[in-house]
Amino acid sequence: MDVEIIAVGGYNEVGRNMTAVRCGKEIVIFDMGLRLDQIMIHEDAEVENMHSLDLIEMKAIPDDTIMNMVEGSVKAIVCTHGHLDHIGAIPKLAHRYNAPIIGTPYTAKLIEQQIEGEKKFGVTNKVFSLNAGQKYRYEISKDLSLEFVNVQHSIIDTAMAVLHTPAGIIVYANDFKLDRTPVVGNPPDFARMRELGKEGVLALIIESTNVRLPGRCPSERVAQRLVRDVMTSYEDDKSAMIVSTFSSHIARVKTIAECAYEIGRKPVLLGRSMERYAATAEQMKLVGFPDNVSMFGNRKTVDRTMRRIMKEGKDKYVPIVTGHQGEPGAILTRLAAGNTPYRIDKGDKILYSANVIPNPMNYGQRHHQEILLKMKGARIFEGLHVSGHAQREDHYEIINLLNPQHIIPSHGDVDMTGEYVKLTEECGYTLGNDVHLLRNGMRVCVTK
C-alpha cells in the first residue's frame, strides 16, 4: 500500500490546518481549521453567515480544491482538539465529503455546536467521539483504524491521532505539549508513545509552532502559580480586578475562578465563547468550577450583569473575559473604549493571562487597548501565561520516543517548518530523504 501525505492548509502559515493522508485508495483528513488572524476571526467571532468560497479567497480556510486531484475516497475526518484553527472550517467544508467526523469527546461536542450554528451549509456528516487510550479504537475501514493518545495543550481533551495502516503507523501531532503536571486531565501517555515507536511509525506529521524556543515548555502549574501570586496579593484591595484569557483555555479559567473564590470575590465568565467552552466542559464533567461561578454569554445579559456589578461593588467580583488580543468587539476591548456599563477607574487591575499571538495587527490592537486602559488609570499585569505548544527539547523527546521513518513539519510558516528541519538533522534525518518540507498544495509519498 502506498501512503501519501497531502498538505492542504497550515503549511504556509499558523492556522487553517488541514492535512490529508492517502492510503491506497482510502483517504483520511486531519483537521479543517480557520486562520484566526486573516479576517479578524477570534473566539467570539461569528462566521456562520460567510460562504466557503469567500473564506478560501481570503485565505481564511484551507483551499481543499487540491483534493479533487487526489485519487481515492475520504473515509474519515479526524480532529485532535477543539481550537478553531483546527475545527473552525468543518461547517464550511465537511459537507463535501461523505465521511464521519471523529474527535475526542470535548472536541466532538464543540464540532457539533459549530455545525448547529452554521447558516450557509447543511452539514450532515455524523460526528463520533473517541476516547484517548489504547483500548479505544475506531475502525475506519478493513485496512485503517484510528487511536488517540493522550497529550496536553491549552484546551482540554487534546490527543495525538494515530492512524494504523498496513504500511505502518501515521502519527498526527498537531498541537500538543508534554505537561507532566497538568491542572486538568492526565499527563501525556509516554508509555504508549514508546510502544508505538517500537511497533513502527512510518510518518510523523507534527506542529512546528514553538520549535525555535529552546528547552521545554513550562507546565500549566507554572501559569497557575503566576496567576495565584498576583490575584491573592490583592485579597483586601477594593479596586476592580479583571482577568482576560482564552475562553477555550479551561484549565486557566478554572485557576482564575478558584483564585477569585479564595479572595472572597465572585468569578463571572462574560462573553459568548466564555460561556460556551466553560459550560460545555462543566456539563461533560471534564472540569469543576467553584460553586459561586456564573456565566453569561448573551450581549444584553452581559451588559445587565455589568450594571449589577457596578451597583453592588466591583470589589465583590472578578470578571473573566476575552479580548487580550485587542480584538474589536471583544469584551476587554469594549471595556477599554468605555462602551459598556462597567467603568474602569484609577487603580483597577487588568490581568493578562495570555500572550499576544505574534502578528503586527494583534500587536497594534493590544497596544491601543493598553493605552486606553492606562489613560483610565488601570494597572496592567502581563505575562501570567505559559504556552500550550511544545518547545525544542519536547520535540527532541517526541522524535526519540516515536522514532519515525519520515517527519513532516506542519502548522507554521517556512521559518518555523524550516527550523524543524534543522532539529531533525540533529537527530540524523536528511531533508528530501526522510524529512519533508511541504507548502500548501504539495504532496509527498512516504512509501517509496
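Is Asp-157 buried, partly exposed or exposed? In this predicted model, Asp-157 is partly exposed, with a relative accessible area of 25%. The residue sits in the loop that connects β8 (145–150) with β9 (159–165). Its backbone also deserves a look: phi of Asp-157 is near 60°, a positive value in a residue other than glycine.

A second residue with this kind of backbone angle is Arg-16, which is not a glycine and has a positive phi of about 35°. Arg-16 belongs to the loop between β1 (3–9) and β2 (18–23). With a relative accessible area of 6%, Arg-16 is buried, whereas Asp-157 is partly exposed. The backbone offers one further feature to inspect, in the loop between β10 (168–173) and α5 (190–199), where Asp-175 is found. The peptide bond leading from Asn-174 into Asp-175 is cis, and its omega is near 20°.

Stepping back to the whole chain, the secondary structure comprises 13 helices and 19 strands. For a compact globule of 448 residues, a radius of gyration near 22 Å would be expected, and the protein chain agrees with this, at 22 Å. Along the principal axes, the C-alpha atoms fill a box of roughly 70 × 45 × 40 Å. Of the 448 residues, 62% count as buried. The contacts tell of links across the sequence: among those between residues at least 6 apart, 76% join residues at least 24 apart.

The surface and the charges can be described in similar terms. The protein chain exposes about 17400 Å², of which carbon and sulfur atoms supply 48%. There are 54 positive and 56 negative charges, and the mean positions of these two sets lie 5 Å apart.

Several individual residues illustrate how parts of the chain that are separated in sequence meet in the model. Gly-297 is placed in the loop between β14 (294–296) and α9 (299–312), and is buried at a relative accessible area of 14%. Although 25 residues separate Gly-297 from Arg-272 in sequence, their C-alpha atoms are 3.9 Å apart in space. Beyond its neighbours within four places in sequence, Gly-297 is in contact with Gly-271, Arg-272, Glu-275 and Val-302.

Ser-273 lies in helix α8 (residues 272–283). This serine counts as buried, with a relative accessibility of 0%. Between the C-alpha atoms of Ser-273 and Pro-319, which are 46 residues apart along the chain, the separation is 14 Å.

Ala-99 gives a further example from a loop, in this case the one between α3 (90–93) and β5 (101–103). Ala-99 counts as buried because its relative accessibility is 6%, under the 20% limit. The C-alpha atoms of Ala-99 and Val-28 are 9.1 Å apart, with their positions 71 residues apart along the chain. Leaving out neighbours within four places in sequence, the contacts of Ala-99 are with Val-74, Lys-75, Ala-76 and Asn-125.

What are the surroundings of Lys-349, setting aside its neighbours within four places in sequence? Contacts are made with Tyr-234, Asp-237, Ser-239, Ala-240, Met-241, Ile-242, Arg-379 and Phe-381. Lys-349 itself is located in strand β16 (residues 349–352). With a relative accessibility of 7%, Lys-349 counts as buried.

The cysteines complete the description. How many disulfides does a search of the whole structure find? The search returns 0 disulfides. Cys-445 is in no disulfide, and the nearest cysteine sulfur, in Cys-23, is 10 Å away. At 23% relative accessibility, Cys-445 counts as partly exposed. Why is there no bond between Cys-259 and Cys-217? The sulfur of Cys-217 is the closest cysteine sulfur to that of Cys-259, yet the two are 20 Å apart, which is too far for a bond. The cut-off makes the reasoning plain, because a disulfide requires the sulfur atoms to be within 2.5 Å. Cys-259 counts as buried, at 0% relative accessibility, whereas Cys-445 counts as partly exposed.

Notes: Residues are numbered from 1 along each chain as its sequence is written. This is a predicted model: local features need pLDDT of at least 70, side-chain atom pairs count only at pLDDT 80 or more; totals for chains, interfaces and linings use all residues. Side-chain values use heavy atoms; hydrogens and water are left out. Helices (H or I, at least four residues) and strands (E, at least two) are DSSP runs, numbered from the N terminus. The radius of gyration is taken over C-alpha atoms; the globule rule is 2.2 Å times the number of residues to the power 0.38. Buried means under 20% relative accessible area, exposed over 50%, partly exposed in between (1.4 Å probe, protein chains only). Contact means heavy atoms within 4.5 Å. Accessible areas come from the Shrake-Rupley method with a 1.4 Å probe; for residues, only the protein chains shown count as cover. Lys and Arg count as positive and Asp and Glu as negative; His and the chain ends are not counted. The place of a charge is taken as NZ of Lys, CZ of Arg, CG of Asp or CD of Glu.
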